[in-house]
Every structure is written in structure tokens, then in C-alpha cells.
Amino acid sequence: MLERFRTFLNVNDIKDATVVIGVSGGPDSLALLHLFMRFQQSLRLSIIAAHVDHMFRGSESEEEMEFVKRYCRSNGILCEAVQLNVLDFARKHPEMSAQNAARECRYSFYSKVMEKHNGAFLALGHHGDDQVETILMRMTRGGLGASIAGIPEMREFNTGKIIRPFLSFTKDQILAYCHEHGLSPRFDPSNEKQDYTRNRFRKHVLPFLKEENPKVHERFQFFSRTFREDEQFLQELTIEKLNTVLKRKEKNEIELNIEMFKTLPMPLQRRGIQLILNYLYEDIPSSLSSIHIESLQSLLSQKHPSGSLDYPDGLKVIKSYKTCLFTFEQNTDQSYEMQVQIPSRTALPNGYIITCEISDRSPDDLSGNHVFVMPYSSLNKPLLIRTRRQGDKIKLKGMNGTKKVKDIFIDAKVPINKRNSWPVLEDGSGNILWLPGLKKSSFEEYGLTEGDCVVLEYKEQ
């Protein structure tokens with residue numbers, strides 16, 4: 001164990017540095033502190049112990065804090081210790097479980113200690129059994145991406161890095177080390193409670209795996225390391241490819257081209273969806289899982305041109321023809337109604353404008369659905385620009401009878417999320433004259449005399 005620990009330090013160039021060690025007083029952290037002490041002089045390390053009393057167990061946990069402080073004093077190790085009322089913190093943050101609140105408080109304290117002492121490394125005592133439990137738990141819960149790789153041996157943290165030298169060791173090896181060197185660690189009785197998921201995996205699943213392979217922790221650690229490396233490569237490739245399929249990227253909305261997205265290999269599609277969710281969510285909801293990724297892939301692959309999914313915390317995923325929109329804005333009221341003066345320039349919420357003027361330009365220059373022309377003398381004022389209403393119909397130019405505005409949107413494959421804000425031009429009698437950019441009504445007339453022409457034009461701002 002000593003040689004493998006030495007190898008870890010050498011491979012990761014841990015020398016001439018300040019190392020903060022999280023020390024709970026249990027066997028894992030006490031063995032970790034003891035091993036660092038053995039290499040303190042040869043590697044010129046400055047060691048600081050950091051202990052947090054979460055105040056879960058009253059005087060019992062307070063005694064553990066005093067034990068850590070006494071051990072550090074007797075060995076000439078600086079100890080930073082604090083008592084934090086985690087239950088009170090958890091009450092103020094009801095979205096957190098007690099265990100998550102404890103972790104939040106603990107790592108916040110570690111961060112402050114690293115800043116105070118300019119720490120290069122934060123060493124924690126997670127071991128191989130923890131790794132097996134973590135990977136299995138995350139897979140069982142439907143974890144996504146790199147989370148399935150479990151606990152990283154090293155990662156960035158505050159002013160330096162978190163390191164976990166014990167991930168290649170088992171709990172039994174650590175206990176044997178404590179016994180060999182006369183260490184007397186404290187044991188947290190909460191680790192025996194079946195209330196916690198991790199404890200159930202520890203008591204029921206891990207023993208079975210170790211019977212099948214006593215070195216199962218080494219296989220899981222190999223999986224963790226290689227999976228994380230593969231994931232990093234695929235993430236970089238996904239970012240490169242995803243930029244080619246996004247149509248729009250804003251703070252609360254992302255729109256992608258479905259056909260282009262579907263040309264990506266399936267592994268990149270899965271990771272692309274995850275990257276989009278990571279961007280939109282400030283904090284990934286705990287209820288978000290691989291099931292959400294699978295349901296979205298199913299939605300994008302089905303033949304029906306439209307559909308939607310409701311994701312946690314109000315995120316809406318809307319498929320509409322060739323585009324897929326991820327948005328938190330779907331519940332906002334997009335309706336509007338405004339009178340069009342003659343002449344005028346009217347700005348619309350969708351980023352377009354409608355200009356209205358009296359013109360003597362030749363009708364030949366005014367063709368296309370982005371322009372509408374009619375005689376000023378036959379205009380029934382006032383003109384109104386509004387959003388669609390249920391049952392809207394328009395009498396189309398060159399066609400007998402009327403057609404539902406809803407059907408025009410469908411025929412033109414207007415994305416669902418844009419239909420409720422699309423402008424509709426109505427005259428004073430309630431007749432729909434024009435769907436800008438889409439269709440004109442039979443009320444448009446060419447062959448007008450000079451100066452008798454009302455011209456409306458729809459264009460981007």
C-alpha cells in the first residue's frame with residue numbers, strides 16, 4: 001500500500017506544495033493523513049488537516065472533532081476545524097437532502113481553507129469500495145455522461161485540485177493499514193443505517209461482487225479512468241459538431257435543425273442533448289435522467305411532424321417540422337394587437353416590422369407575400385395588426401371560399417412556437433387581409449392609379 005501511494009504522488013507530481021487533507025477521524029481519512037505524514041519531509045509537503053463537525057450527532061460528533069484536533073497536535077499538524085449546523089442549512093434549502101447539504105457545507109469549508117493557506121491539493125479519502133458503490137448507484141438512477149464514470153482521481157477545485165489517492169485500495173486494505181500502524185479511528189454509526197442508498201449497496205451488492213472477483217474495485221477503477229478519457233474526447237467532438245446544427249442559441253432558448261442533428265452518430269446525439277441541457281439549466285435537476293434523453297431521441301426520430309415534451313423545472317421541448325426548440329419561455333403570453341396608422345412603421349415582437357405608406361410605385365415591383373397592396377379608396381379603416389384567434393379564416397386570392405389560418409400555418413410548416421406570435425392584418429370590418437410572408441387575401445388589388453395605393457411591407461428589423 002505504501003509503494004502504490006508513493007507511485008500515485010510521483011505520477012501526479014505532488015511535491016513542494018501545500019496539501020489540505022479532509023480528516024473526519026474515520027479510518028479512511030486517518031490512514032490518508034498518516035501516509036501523507038510519512039512522505040511530508042521527502043516530498044517537502046506542507047500538510048493541513050481540515051475537519052467539519054456537521055452537528056448531526058451532538059456530543060458524539062463533537063468528540064470526534066476533539067479527537068482529530070488532539071491527533072494533529074500530537075503529530076505537529078496544523079488543524080482547521082469547524083462546527084456547522086447542517087440541519088439548519090438544509091431547512092433553509094429544502095431542495096437539498098441532509099446528505100447533500102452536508103456535502104455543500106463541507107466543500108465550502110474546504111474551499112476557504114485552501115484559499116487561506118494557498119493550497120495546491122485537497123486530498124480526500126474516497127476508496128475503491130466507494131467507487132464501486134458510486135458507479136452502480138448512478139447507473140441505477142439513470143445517470144448521464146461523465147457522471148457514470150464515478151469519482152475522479154483528480155479534478156480542479158478552487159485554487160488547486162482535489163486528489164483521491166485511495167481509489168485503487170479497498171476498505172479492508174485501509175482497515176488493515178490502520179491496525180498495522182496502531183491508528184485508532186472513530187466509526188460513524190450512521191454508516192450502518194439502511195436508510196441510505198449507499199449503505200444498502202455496501203451491505204448487499206458489494207459483498208456479492210467481491211465474491212465473484214476480490215479485485216472488482218480495480219476493474220471498476222479501470223472502467224472509471226478509461227470511460228472518463230473516452231467521454232472527454234467525445235465531448236470535444238460533440239461541441240465541434242453541435243455548432244453546425246444549432247439554428248439559434250440564447251439564454252433561455254436553443255433551436256436546432258433536426259435533419260442535420262440526425263446525421264450525427266448516435267453517441268454524439270446523446271451528448272449533444274446533454275450539452276444543450278447543461279447550457280439551459282443553471283443547476284441540473286436531480287430528476288433529470290437518461291430517460292429524458294431517450295424520450296427526446298424518440299420524439300426526433302418519429303415521422304409525425306410535431307410533438308412536445310415537458311422536462312423538469314418548466315423546460316419545454318417542442319418539435320415542429322425541421323426544427324426542435326428547447327425553451328423556458330413557452331408559458332409567456334405572445335398575443336398582441338395594435339392599430340396601423342397610414343403612413344407608419346410598426347415594430348413587431350417577432351423581430352420584424354411592417355411599414356405602411358401611400359405609394360405610386362408600379363405593382364410589378366410589389367409582388368410576393370411580403371408585400372400587400374390595395375386601393376386607398378376601398379380601404380375599410382382602421383387597419384389592425386394582431387395575433388391569430390381561434391377560428392380565424394381568410395379568403396385567399398384566386399380561390400373560392402375561405403381557408404383556416406391554422407391550415408395555412410400547417411401547409412407552410414410554420415414552427416408551432418412561432419404561430420402564436422405571427423402577425424395577422426385585419427381591416428375595420430374584421431376581414432383578414434393578409435398573413436405577412438405567407439398568404440394574401442382576395443382584397444388585394446393591382447392596376448391602381450398613381451397616388452391611390454396603400455402599400456404594406458413585412459421585413460426584418
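Strands are DSSP runs of E with at least two residues, numbered from the N terminus.

**Figure 1. Overall fold of the predicted model.** The protein contains 14 helices and 22 strands. Its radius of gyration is 33 Å, well over the 23 Å that the globule rule gives for 461 residues, so the protein is more spread out than a compact globule. Along the principal axes, the C-alpha atoms occupy a box of roughly 105 × 45 × 40 Å. Among contacts between residues at least 6 apart in sequence, 70% link residues at least 24 apart.

**Figure 2. Surface, burial and charge of the protein.** Of the 461 residues, 45% are buried. The exposed area is about 23,800 Å², of which carbon and sulfur atoms supply 48%. The protein carries 62 positive and 60 negative charges, and the mean positions of these two sets lie 2 Å apart.

**Figure 3. Close-up of the loop that holds Thr387.** Thr387 lies between strand 16 (383-386) and strand 17 (393-394). Thr387 has a relative accessibility of 5% and therefore counts as buried, the cut-off being under 20%.

**Figure 4. Contacts of Thr387 with residues beyond its sequence neighbours.** When neighbours within four places in sequence are set aside, Thr387 touches Gln334, Ser335 and Tyr336, together with Asn420, Ser421, Trp422 and Val424.

**Figure 5. Thr387 and Gly428.** These two residues are 41 residues apart along the chain, and a distance of 16 Å separates their C-alpha atoms.

Conventions
Residues numbered from 1 in each chain as written. Predicted model: local features only at pLDDT ≥ 70, side-chain atom pairs only at ≥ 80, totals over all residues. Heavy atoms only, no water. Helix = DSSP H or I, 4+ residues; strand = E, 2+ residues; numbered from the N terminus. Rg over C-alpha atoms; globule rule 2.2 N^0.38 Å. Buried < 20%, exposed > 50% of the residue type's maximum accessible area, 1.4 Å probe, protein only. Contact = heavy atoms within 4.5 Å. Areas by Shrake-Rupley, 256 points an atom, 1.4 Å probe, with all protein chains shown as cover. Lys, Arg positive; Asp, Glu negative; His and termini not counted. Charge placed at Lys NZ, Arg CZ, Asp CG, Glu CD.
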